[in-house]
Amino acid sequence: MRAVAELRSRFHGSLHERGGLECQLHDTAPHRLEAPRSRERKEAFVDSVADFVILCERRGIRFARATDYPDYYPERPGGKIGRAIEVEPFDTHRIGTWWETARAQDGVVFPLKTDDVWLLSRAWSTPGGFVRGARFVGRAVAGAAQRKKLVGAGAALVCALLEVALKQATPVWLSSPVEELVVDEGRVVGAAVRRGERELRVRTRKGVVLAGGGFAHREDWREKYHGVPGYSSAITGDQGSAIEVGQRAGGAVDLMDDAWWGASIPAPGTDKSPAFLVGERSMPFSIIVDSQGERFVNESASYIDVGHRMLERAQADRGPFWMISDARHTRRYLRSFAVEPGATKALREGGLLHKADTLDALAVAIGLPPERLRATVARFNGFARTGVDQDFARGSSAYDRYYGDPLVRPNPNLGPLAKAPFTAVQLVPGDLGTKGGLLTDEDGRVIREDGSPIEGLYASGNNTASVMGNTYPGPGSTLGPAAVFGLRAARHMAAQRH
């Protein structure tokens, strides 16, 4: 409980310090009602984090701290390293056959923890990476020896919450979309739910909470609000249906023009999702360039910052984008997009990955001006020798260095591109989901354009306009508010006398 108390103290205190998290969550773009990131909503979020964690622990959910993982702007007032918490690896046998309905079981499932990722990426190139790799393997082997099927990360969270719901006999319906809200004298009193061929009208005593995700895969909305078709790593069911249902009931929306952006590699086939890059672009011996062969961003920055810069560059007709690396980037580090068997071949056959013995030959292969790329690399290599990126300050933040290589000096993010063969992989502005949705107040109530709440209607998660505004201050900026405002909505509903 000490960790929870410290989390609350640091997170809450930073709102009251000059700058602090207030500075991290603030942006200057005008927004209707100021609701997504209003003072009241931010206060409600930080004040309720401990409430959520304590409630979960009382229901048997076990948390661990990601002690090495920094906020995305750790040098800002109120910033911290090791703030994030996550659910301990979970044995799926505890939820029985329900595991067979989980999307996570379709992929490669490991008992992975957050701080495993950055060290596993260099498991064969640094001592720390090797030790963490051995520890990870040991955890997996120990679980298997005890006949446990352990999962980590988001799968662990979902399984743990589902176990609580099952223990308290909460009915869980699958494949049952809400098609319409039932409104009586201006108050939401139920919902029309589709179950197979039947439409059921479910009456509620307290209210309805919409938590149906964003609109990452709704192409007409992506074109309308973002001006791009979207390269999303979110689930394909992210179609904006919950947002639409709330709008028809009178709910206002905001932040529809934004998303949880980041550099991604487009999928080489229609049956695959884009590969969202987190650590690879921070590792030394690599840079990101635009269609003119020029760097335009700190490659190691928070992924949403990189994504925003890519979108700006694309609007100036400076795409497509490429991550250029030398042989050491390929040889020394585990790159997520090359883990799956046959992935590299598929990328190469799809024209998304190219390799050449010289930078000039690589530039010709991907359509860049050779002399421009050569000059860009020469300038970057100079920064690598001095340890100071004079253009974009790469490696100056603890967040940058988290995914760097401590054996590369003087800057763990700035290894020079000098060893052939050279590789280029195409990048696009991808995302983890959309940011925009229904406007809600500090209790998760959906509000109208005039700021008044719709009685009986609540929302949380990615079908709401994010409390984080246009930024992404640290890990858990989606799941944290989804959980907290879901709980606040439940507590507010429970107090109603209807």
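Colleague: How far apart are the end C-alpha atoms of helix H15 (residues 479-494)?

Modeller: The model is predicted: local features need pLDDT of at least 70, side-chain atom pairs count only at pLDDT 80 or more, and totals for chains, interfaces and linings use all residues. Residues are numbered from 1 along each chain as its sequence is written, while side-chain values use heavy atoms, with hydrogens and water left out. Helices (H or I, at least four residues) and strands (E, at least two) are DSSP runs numbered from the N terminus, and the expected span of a helix is 1.5 Å times one less than its number of residues. For the 16 residues of H15 the expected span is 22 Å, which agrees with the distance between the end C-alpha atoms, 22 Å.

Colleague: Which elements are included in what covers the buried residues of H15?

Modeller: Buried denotes under 20% relative accessible area, exposed over 50%, and partly exposed the range in between (1.4 Å probe, protein chains only). In H15 the buried residues are Pro481, Val484, Phe485, Leu487, Ala489, His492 and Met493. Counting contacts as heavy atoms within 4.5 Å, the cover includes helix H3 (39-58) and the strands S8 (208-210), S17 (445-447) and S18 (453-459).

Colleague: Which residues have the most contacts inside the largest nonpolar core?

Modeller: In soluble globular proteins, nonpolar side chains tend to be buried together. A nonpolar core is a set of buried Ala, Val, Leu, Ile, Met, Phe, Trp, Tyr and Cys residues joined through side-chain atoms within 4.5 Å. The largest one has 44 residues, and those with the most contacts inside it are Phe45, Ile61, Tyr69, Tyr72, Val87 and Phe90.

Colleague: Which elements each supply at least two residues of this core?

Modeller: One of the residues with the most contacts inside the largest core is Phe90. Elements that each supply at least two residues of this core are H3, H6, strand S10 (259-265), helix H9 (303-315), helix H14 (398-402) and H15.

Colleague: How many residues has the second, separate core?

Modeller: This core includes Ile287, Val289, Val377 and Ala424. Val377 is also among the buried residues of H13, whose cover includes strand S12 (286-289), strand S13 (321-325) and helix H12 (359-366). The size of the second core is 19 residues.

Colleague: How far apart are the end C-alpha atoms of helix H13 (residues 370-386)?

Modeller: Just after H13, glycine 387 takes a positive phi of about 85°. The 17 residues of the helix should span 24 Å at 1.5 Å a residue, which agrees with an end-to-end C-alpha distance of 25 Å.

Colleague: Where is the proline of the cis peptide bond with omega about 0°?

Modeller: Most residues other than glycine have a negative phi, and most peptide bonds are trans. A cis bond from glycine 319 to proline 320 has omega near 5°, and proline 320 lies in the loop between H9 and S13. The bond with omega of about 0° joins alanine 420 and proline 421, and proline 421 is found in the loop between H14 and strand S15 (422-434).

Colleague: Is alanine 169 buried or exposed?

Modeller: Alanine 169 is found in the loop between H6 and strand S5 (178-184). Phi of alanine 169 is near 60°, a positive value in a residue other than glycine. With a relative accessible area of 62%, alanine 169 is exposed.

Colleague: Which residue meets lysine 167 in a salt bridge?

Modeller: A salt bridge is a side-chain nitrogen of Lys or Arg within 4 Å of a carboxyl oxygen of Asp or Glu; the count comes to 28. Lysine 167 is exposed at 60% relative accessible area, whereas its partner is buried at 11%. The two are four residues apart in helix H6, and therefore separated by about one helical turn. At 4.0 Å, N to O, the partner is glutamate 163.

Colleague: How many residues apart in sequence are the parts tied together by glutamate 180 and arginine 248?

Modeller: The closest N and O atoms of this salt bridge are 3.2 Å apart. Glutamate 180 lies in strand S5 and arginine 248 in helix H8 (residues 241-248), so the pair ties together parts whose separation in sequence is 68 residues.

Colleague: Is arginine 218 buried or exposed?

Modeller: Arginine 218 forms a salt bridge with glutamate 244, with closest N and O atoms 3.1 Å apart. Glutamate 244 counts as partly exposed at 29% relative accessibility. At 16%, arginine 218 counts as buried.
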